[in-house]
Structure formats: structure tokens, C-alpha cells
Amino acid sequence: MKVHWRLFVLIAGGYLLLIFGHSLAEPQNTTLTAARCQIVVPASWGEFVGGSNYGLAFRDDQGTIRLMNQMPCGLEGKPNVSLEIKRQ
């Protein structure tokens, strides 16, 4: 009976090592790379207040909220405001 128990432990240990062995290995080198896309938002749009499925939201000093959902990649492109909510 002892032989069967040892064989079971050996097989189970090998199986667990096979499944979880990647977590025991040395961590991969995580290096920071430059962003592939850079978007320049005008300072007059104010502070970034959040994002959702609709896009990114910015609020200026007068309370106007601008939502941007089409973001051009590169410095030449101008962000497109898809919705602007003004306070009166």
C-alpha cells in the first residue's frame, strides 16, 4: 500500500508543478516602453475627470464637460469632442 501512496504523491506533485510551475520561476523582466500613441489635449479643456465606454471626460473652470471618444494617434491630430455639456 505504501508504494501506491508514494506513486500517487509523486504523480500529483509532478502535475501540480506542471500547472503552477510558472509561478515558481523567476519573475520576467518588466521594462517600461514608450507609448505607441500620444494624444495632446488642450489645457483649456481643464482637468481629466474620468473615462467610460463613451470616452474620456474633461471639465474646465466654467464647469463645461467635454467627452472625447475618437482619439487621433500622433501629435498632428486634434482630439475630436463628441459631446460638450455647458453649464449656464
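**View 1. The order of helix and strands along the chain.** Read from its start, the chain follows the pattern α-β-β-β-β, and its secondary structure comes to one helix and four strands, where helices (H or I, at least four residues) and strands (E, at least two) are DSSP runs numbered from the N terminus. The model is a predicted one, in which local features need pLDDT of at least 70 and side-chain atom pairs count only at pLDDT 80 or more, while totals for chains, interfaces and linings use all residues. Residues are numbered from 1 along each chain as its sequence is written, and side-chain values use heavy atoms, with hydrogens and water left out. Of the 88 residues of the chain, 16% count as buried, a class that means under 20% relative accessible area, with exposed meaning over 50% and partly exposed lying in between (1.4 Å probe, protein chains only). Among the contacts in the chain with a separation of 6 or more, 26% are between residues 24 or more positions apart, a contact being heavy atoms within 4.5 Å.

**View 2. The hairpin of E1 and E2.** Strand E1 (47-51) and strand E2 (56-59) run antiparallel and are joined by four bridges, and two strands are taken to pair if DSSP finds at least two bridges between them. Glu47 has Arg59 of E2 as its bridge partner. Four residues lie between the two strands of this hairpin, and Gly55 in the turn has a positive phi of about 150°. Ser52 has its place in the loop between E1 and E2, where Ser52 counts as exposed because its relative accessibility is 51%. A polar atom of the Ser52 side chain lies 3.1 Å from the backbone nitrogen of Tyr54, a polar contact being a pair of N or O atoms within 3.5 Å, of which, within protein, one must be able to donate a hydrogen and the other to accept it, and for which residues adjacent in sequence count only if both atoms are side-chain atoms. The C-alpha atom of Ser52 is separated by 9.4 Å from that of Asn69, which is 17 residues apart from Ser52 along the chain.

**View 3. A nonpolar patch on the surface.** Tyr54, also in the loop between E1 and E2, is partly exposed because its relative accessible area is 40%. Together with Leu83 and Ile85, Tyr54 forms a nonpolar surface patch with about 260 Å² of accessible area; patches are made of residues with over 30% relative accessible area and no salt bridge, like charges being joined within 9 Å and nonpolar side chains (Val, Leu, Ile, Met, Phe, Trp, Tyr) within 5 Å. The chain exposes about 8000 Å², of which carbon and sulfur atoms supply 58%; accessible areas come from the Shrake-Rupley method with a 1.4 Å probe, and for residues only the protein chains shown count as cover.

**View 4. Strand E3 between its two partners.** E2 pairs with strand E3 (residues 65-70) in the antiparallel sense over four bridges, and Phe58 stands opposite Arg66 in E3. The hairpin of E2 and E3 has five residues between the strands, and Gly63 takes a positive phi near 95° there. E3 is also joined by five bridges to strand E4 (residues 80-85), the two running antiparallel, and Arg66 stands opposite Glu84 in E4.

**View 5. A network of salt bridges around Arg66 and Glu84.** Three salt bridges are counted under the rule that a side-chain nitrogen of Lys or Arg lies within 4 Å of a carboxyl oxygen of Asp or Glu. Asp60 forms one with Arg66, the closest N and O atoms being 3.2 Å apart, and both of these residues are buried; Arg66 counts as such because its relative accessible area is 13%. The side chains of Arg66 and Glu84 meet in another salt bridge, at 3.0 Å from N to O, and this pair links distant parts of the chain, with Arg66 in strand E3 and Glu84 in strand E4, 18 residues apart. Glu84, at 37% relative accessibility, counts as partly exposed and also forms a salt bridge with Lys86, with 3.7 Å between the closest N and O atoms, whereas Lys86 counts as exposed at 58% relative accessibility. Salt bridges that share partners thus join Asp60, Arg66, Glu84 and Lys86 into one network.
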